[in-house]
Every structure is written in structure tokens, then in C-alpha cells.
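Subject: A structure for you to look at

Hi there,

Here is the structure I promised to pass on. Have a look at it first, and then read my notes below.

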Amino acid sequence: GDVVLSAKGTLVKLERFGLAVGAELRLPSGDERNFLGSGAYGVKPYLVLSRRGRVAPHLNVGYQWNANSLLAADENGKQHLPGYFGYAAGADIGLTKRFTVVADFLGEHFFDAPQISQPQNISAPVNNQQVSFSSVVRVKSDSYDVNNLSVGLKVNPVGHLLLSANVLVKLNDGGVRARLIPLVGLSYSF
């Protein structure tokens with residue numbers, strides 16, 4: 001797929017609160033014709049506000065701008081991939097020194113994005129009589145939201161080893177995605 005370059009830095013660091021700013025640059029290094037990338041450059045600046053402690057809430061907000069791609073092509077050729085405003089709000093709750101519960105509300109609002117409309121009944125003359133047909137769906141542009149809930153846990157069994165497990169739960173019908181998406185991760189810090 002595409003290569004994403006990312007950088008993040010802390011703007012404000014207080015005893016309990018922190019504010020960071022970051023940006024991602026997506027390079028269209030994949031092959032969008034084979035579902036291996038977007039085929040478009042993308043830039044996403046974002047802000048992160050967080051609190052440290054046993055209960056650690058956080059808020060992330062950002063906006064993604066995209067260039068032209070074949071994935072958004074119409075009869076006029078390449079079009080811009082839709083931009084989106086992304087947001088996440090949640091918390092990590094340390095139940096013990098080695099066990100943490102995590103929960104996040106994740107949302108994206110896509111602007112002026114191509115969508116397929118619902119079929120509509122239309123009437124047309126056939127042999128001098130009006131006949132009702134279900135129309136062929138058409139592509140329209142409109143905004144829509146994609147909302148998910150992520151819940152899970154982190155376990156630190158020994159030393160610098162961390163086991164993470166969570167599930168992403170679909171909250172609305174915006175976009176194409178599964179109802180439940182599990183994730184398990186294992187990491188080690190040096």
C-alpha cells in the first residue's frame with residue numbers, strides 16, 4: 001500500500017496535562033488499481049490533548065486533505081478523494097499496575113463523498129402504457145459519518161512486554177466495514 005510519514009511533538013507538558021501536535025503525509029506508493037493504496041497524496045495535521053494518571057482521558061482531532069485518485073474517478077476523470085474530520089475521545093483506566101482497561105469513541109465525518117443512492121421507482125411508457133421500474137442506483141455526493149467504539153485491555157505480564165487486545169464495534173451504517181473487528185497485539189520496549 002501507501003507509505004505514511006508521521007511526526008508528533010509536545011507543545012505543552014504540565015504535571016498532569018499535555019498538548020501535542022502532529023502531522024501525517026501519505027505518499028501514493030501503492031497500486032490503487034489492485035486495492036493496494038489510495039493513489040493520492042494526503043496530508044493530515046492533528047492535535048492531541050491528554051491527562052496522565054490512573055484515569056487518563058485523551059482527545060484527538062484532525063483533518064485529512066487528499067489529492068486526486070482513480071478511486072474517485074467519474075466520467076470527467078480523476079477526482080479528489082473526500083477529505084474528512086477525524087476525532088477520538090476516550091480513556092485508559094489503570095485497574096492495577098499491570099492491567100489497564102481502554103475505551104475510545106472514534107469518529108470520522110467525510111465531506112462531499114461519492115455514495116450510491118437508494119433505488120427509486122420510476123415510471124416509463126412501454127407499448128403506450130405507463131410501467132413502474134426500479135431505477136438503477138446512481139452515484140451522488142454527500143457527507144456522512146463513520147462512528148465506532150473501541151474497547152479492550154492492556155496487560156503487562158513481565159518487564160517491558162505488553163499484550164493488548166481490543167474490539168472495534170460498528171455504531172452506525174456509514175462506510176463499508178464489519179460489525180466487529182478484533183485486534184490482538186504483542187509489543188516489547190527496549
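There are 3 salt bridges in this predicted model. Let me take you through them one by one.

The pair to start with is Arg-26 and Asp-2, whose closest N and O atoms are 3.7 Å apart. This salt bridge links distant parts of the chain, with the two positions 24 residues apart in numbering: Arg-26 belongs to strand β2 (residues 17-27), while Asp-2 lies in the segment before β1 (3-13). How accessible are the two partners? Arg-26 has a relative accessible area of 14%, so this residue counts as buried, the cut-off being under 20%. Asp-2 comes out at 21%, which makes this residue partly exposed.

Next, look for Lys-154 and Asp-92, where the N to O distance in the salt bridge is 3.0 Å. Which strands does this pair link? Lys-154 sits in strand β11 (residues 139-155) and Asp-92 in strand β7 (residues 84-94). These are again distant parts of the chain, as the two residues are 62 residues apart. Lys-154 is partly exposed, at 27% relative accessibility.

The remaining salt bridge joins the side chains of Asp-173 and Lys-170, at 3.7 Å from N to O. Is Asp-173 buried or exposed? Its relative accessibility is 69%, and exposed means over 50%, so Asp-173 is exposed. Lys-170, with 24%, is partly exposed.

Now for the surface. You can find a nonpolar patch of about 680 Å² there, made by Leu-11, Val-12, Leu-14, Phe-17, Val-21, Leu-47, Leu-49 and Leu-59. Which strands supply at least two residues each to this patch? They are β1, β2 and β3 (42-51). One patch member to click on is Leu-47, which is in strand β3. Leu-47 has a relative accessibility of 39% and counts as partly exposed.

Finally, a word on confidence. The average pLDDT of the chain is 90, and 95% of the residues reach at least 70. Among the elements of the chain, strand β12 (residues 161-170) has the highest mean pLDDT, 97, and strand β6 (residues 77-80) the lowest, 74. Predicted coordinates should not be read in detail where pLDDT is low.

Happy exploring, and write back with any questions!

Best wishes

Key: Residues numbered from 1 in each chain as written. Predicted model: local features only at pLDDT ≥ 70, side-chain atom pairs only at ≥ 80, totals over all residues. Heavy atoms only, no water. Salt bridge = Lys/Arg side-chain N within 4 Å of Asp/Glu carboxyl O. Helix = DSSP H or I, 4+ residues; strand = E, 2+ residues; numbered from the N terminus. Buried < 20%, exposed > 50% of the residue type's maximum accessible area, 1.4 Å probe, protein only. Patch = residues over 30% accessible without salt bridge, like charges linked within 9 Å, V, L, I, M, F, W, Y side chains within 5 Å. Areas by Shrake-Rupley, 256 points an atom, 1.4 Å probe, with all protein chains shown as cover. pLDDT = per-residue confidence, 0-100.
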